[in-house]
Amino acid sequence: TGRPPSAQAMPTLLALAMQSLGLVLAITVAWLRLTRYTHNRQAPSTAHRSDMAPPVTLAAVAGEVPDGLQAPTASAGCQVQAPASDAVAAAVCQIVVEAYAWGEAGMWNDGYERTTPDEIRSLVREGQLLVAVVDGEVVGSVQVKVDGDEGSFGMLAVKPSVRGQRVGAALVEAAEGRARGAGCARMRLELLTPRGWTHPQKARLHEWYTRLGYVPQFTEPFERDYGFLSVYLTGPCDFTVYHKPLQLPE
């Protein structure tokens, strides 16, 4: 007790220290990759066919805007708006998690959830989140990113109560409008699909995105870039990248 380690013990202690440092570095790298994935991964939309119902009009009348939201601008068509604060984080998180549980049923092991309220708050602070509001209630969301001349969207989700009312289409249109306004010439999305079998909701999404003008570009194994997340999957998966050209304003 209190004696310094012997000379014979020093190599062993040094080896243990190096192993601990290696473990810390591995955990740090995995966390950074997880953060990158959760910010870019495509969330399942619960929108149905774009011709099933007329567009939703989201009126921004004084006194009728929920807490944490700012009135939409005219350019947004009064359909989708950016949160003025992160007060909507809990509601948006619940919508996204429930949409994933439905849209990717059978693909993930029990206990995996798409996002957290803290991540939603971060997206609000970074100006990457748009929400849809119907009758004073947040019913959908989409994440929008701009990288040079390419825009992308993800975390597209709506509540089951508004499926078939074109809320998803309104969110995509708003995401494209924001990217177009930032000078982007192309929009990008990623769709996760199981390998070896057809998921009905993923097949529906592929058809829906195709009708919106998105064209598959390439497909890669999910584990190639996100191997640390593969342990949460029930089986092997791929992700397909879609592109859509954007017509820039004259």
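Of the 250 residues of the protein, 42% count as buried. The structure is a predicted model, with a mean pLDDT of 77 and with 68% of residues reaching 70 or more. Confidence is not uniform along the chain: over residues 27-78, pLDDT stays under 50. For this segment the model nevertheless contains 132 contacts beyond four places in sequence.

The secondary structure comprises six helices and seven strands. Read along the sequence, these elements follow the pattern α-β-α-α-β-β-β-α-β-α-β-α-β. The pattern thus opens with a helix and ends with a strand. Among contacts between residues at least 6 apart in sequence, 71% join residues at least 24 apart.

Eight salt bridges are present in the structure. Three residues, Arg-195, Glu-223 and Asp-238, are linked in a network of such bridges. Within this network, Arg-195 pairs with Glu-223, the closest N and O atoms lying 3.1 Å apart. The two partners come from distant parts of the chain, 28 residues apart. Arg-195 is located in the loop between strand S5 (186-194) and helix H5 (200-211), whereas Glu-223 belongs to helix H6 (residues 222-226). Both side chains fall in the partly exposed class, because the relative accessibility of Arg-195 is 33% and that of Glu-223 is 36%.

Arg-195 also meets the side chain of Asp-238 in a salt bridge, with an N to O distance of 2.8 Å. Asp-238 lies in strand S7 (residues 237-245) and Arg-195 in the loop between S5 and H5, so this pair ties together parts of the chain that are 43 residues apart in sequence. In contrast to the partly exposed Arg-195, Asp-238 counts as buried, because its relative accessibility is 14%, under the 20% limit for that class. Arg-195 is therefore the residue that forms a bridge with Glu-223 and with Asp-238, and its own relative accessibility of 33% places it in the partly exposed class.

A further salt bridge joins the side chains of Arg-188 and Glu-190, with an N to O distance of 2.9 Å. The two partners fall on opposite sides of the 20% limit that separates buried from partly exposed residues. Arg-188, at 21% relative accessibility, counts as partly exposed, while Glu-190, with a relative accessible area of 11%, is buried.

Empty space within the model was also examined. The structure holds two cavities of 30 Å³ or more. The second largest cavity contains about 30 Å³ of space. Its lining is formed by Ile-95, Glu-98, Ala-99, Val-158, Lys-159 and Pro-160. Helix H2 (residues 89-103) supplies the largest share of this lining, namely three residues. By class, the lining of the second largest cavity consists of four nonpolar and two charged residues, with no polar residues. The charged members of the lining are Glu-98 and Lys-159, and the nonpolar members are Ile-95, Ala-99, Val-158 and Pro-160.

Technical notes: Residues are numbered from 1 along each chain as its sequence is written. This is a predicted model: local features need pLDDT of at least 70, side-chain atom pairs count only at pLDDT 80 or more; totals for chains, interfaces and linings use all residues. Side-chain values use heavy atoms; hydrogens and water are left out. On a 1 Å grid over the protein atoms alone, a cavity is a set of points where a 1.4 Å probe fits but cannot get out, and a pocket is an open set with protein on both sides within 12 Å along at least five of seven lines; lining residues have an atom within 4 Å of a point. Grid points are joined across faces, edges and corners, and a volume is the space filled by probe spheres set on the points. Helices (H or I, at least four residues) and strands (E, at least two) are DSSP runs, numbered from the N terminus. A salt bridge is a side-chain nitrogen of Lys or Arg within 4 Å of a carboxyl oxygen of Asp or Glu. Buried means under 20% relative accessible area, exposed over 50%, partly exposed in between (1.4 Å probe, protein chains only). pLDDT is the predictor's confidence in each residue, from 0 to 100. Contact means heavy atoms within 4.5 Å.
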